Amino acid sequence: MNIPQHVAIILDGNGRWAKSKGMPRNYGHAQGSKNVERICEEAWRMGIKYLTVYAFSTENWNRPKDEVDALMKLLRNYMKTCLTTAAKNDMKVRVIGDISRLDEDIQKRILELEAATKDNGGLNFQIAINYGSRDEIIRAVRALAKDCVDGRIETEAIDETLFERYLDTRGIPDPDLLIRTSGEQRLSNYLLWQLAYTEFYFADVHWPDFTKEELLKAIEQYNLRDRRFGGVKEVTDV
């Protein structure tokens with residue numbers, strides 16, 4: 001089986017999963033957080049080298065304040081847990097998104113986590129926090145424009161390769177496979193530039209119920225595509 005080098009996941013359905021069990025939405029977020037750890041381990045065992053998850057979007061600030069506060073508390077706790085998990089699994093962790101809106105203590109924990117794991121040789125794990133792809137592209141354009149004004153970049157030199165150096169995902173290969181859980185079929189402002197040639201897989205299960213077996217199903221569907229630059233075609237002789 002051909003294992004994708006980079007898998008991106010939209011972690012959807014935590015709240016609906018909790019509601020189906022008669023529990024508050026925050027319980028679903030907590031269980032979803034625990035599942036991230038399990039899937040990280042399974043992904044690395046399968047041979048996946050990069051895993052990028054959508055944890056908190058720029059639009060998530062519009063949720064009810066008590067839910068946002070609970071998510072921030074969960075994020076604080078997860079940064080501690082992730083440090084331990086990363087050390088155990090030799091995992092390299094990187095946060096993408098604009099962390100400047102987060103509380104200072106969370107920013108500090110993110111920077112400490114990235115510094116502590118930067119030389120690890122296992123799974124490259126990217127967490128999108130306060131991330132929105134349009135926001136990412138606008139920030140990249142502003143930084144590039146400033147470098148042009150300051151004379152560091154000639155406009156004639158701007159191409160895709162140069163522009164990608166200004167994105168949050170610089171140095172990370174584009175995803176081969178995108179998975180979204182809970183049956184929703186939209187990108188929700190996630191990695192719009194990076195997903196140009198990515199295969200999409202939509203799972204009907206909510207994120208807390210997404211297992212190793214579900215990940216294998218997604219990879220099996222990925223293998224039913226003949227990937228080539230400029231497009232894909234279905235494989236008919238499998």
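What follows is a walk through the helix packing and the empty spaces of this structure, which is a predicted model.

A convenient place to begin is helix α2, residues 25-46, since its partners lead on to other parts of the fold. The axes of α2 and α3 come within 10 Å and cross at roughly 20 degrees. That angle makes α2 roughly parallel to α3, because angles under 35 degrees count as roughly parallel. The crossing of these two helices, α2 and α3, is right-handed. On the α2 side the meeting residues are R25, N26, H29, A30, S33, V36, E37 and E41, and on the α3 side they are D66, E67, A70, L71, L74, Y78, T81, T85, K88 and N89. Sorted by class, the contact of α2 with α3 holds 6 nonpolar, 6 polar and 6 charged residues.

Helix α2 also meets α7, a helix that covers residues 212-222. Here too the axes come within 10 Å, but the crossing of α2 and α7 is at roughly 45 degrees. That makes α2 oblique to α7, and the crossing of the pair is right-handed. The residues that α2 brings to this meeting are I39, E42, A43 and M46, while α7 brings K212, L215, L216 and I219. In the contact of α2 with α7 there are 6 nonpolar and 2 charged residues, with no polar ones.

From α3, residues 65-89, the reader can move on to helix α4, which spans residues 104-117. The axes of α3 and α4 lie 10 Å apart, and the two helices pack at an angle of about 15 degrees; α3 and α4 are therefore roughly parallel to each other. Their crossing, that of α3 and α4, is left-handed. Helix α3 makes this contact through M72, L75, R76, N77, M79, K80, C82, L83 and A86, and α4 makes it through D105, I106, R109, I110, L113, A116 and T117. The contact of α3 with α4 divides into 10 nonpolar, 2 polar and 4 charged residues.

The empty spaces come next. Rolling a probe the size of a water molecule over the atoms shows where empty space is left. The largest pocket has a volume of about 690 Å³. It is lined by 31 residues, and those closest to the centre of the pocket are L11, Y54, A55, F56 and N60. Helices α2 and α3, met above, are among the elements that give two or more residues to the lining of this pocket, and the others are α1 (14-20), β2 (50-57) and β4 (124-131). By class, the lining of the largest pocket has 15 nonpolar, 9 polar and 7 charged residues.

Besides this pocket, the structure holds 1 cavity of 30 Å³ or more. The largest cavity has a volume of about 40 Å³, and the residues that line the cavity are H6, T52, T169, I172, P173, D174, P175, L191 and Q194. Its lining divides into 4 nonpolar, 4 polar and 1 charged residue.

Methods. Residues numbered from 1 in each chain as written. Predicted model: local features only at pLDDT ≥ 70, side-chain atom pairs only at ≥ 80, totals over all residues. Heavy atoms only, no water. 1 Å grid on protein atoms, 1.4 Å probe; cavity = no way out; pocket = protein on both sides within 12 Å on 5 of 7 lines; lining within 4 Å. Points joined across faces, edges and corners; volume = space filled by probe spheres on them. Helix = DSSP H or I, 4+ residues; strand = E, 2+ residues; numbered from the N terminus. Nonpolar A, V, L, I, M, F, W, Y, C, P; charged D, E, K, R; others polar. Axes fitted to C-alpha atoms, helices over the stretch in contact; angles between N-to-C directions. Parallel < 35°, antiparallel > 145°, perpendicular 65-115°, else oblique. Left-handed = near helix turned anticlockwise from the far one by under 90°. Contact = heavy atoms within 4.5 Å.
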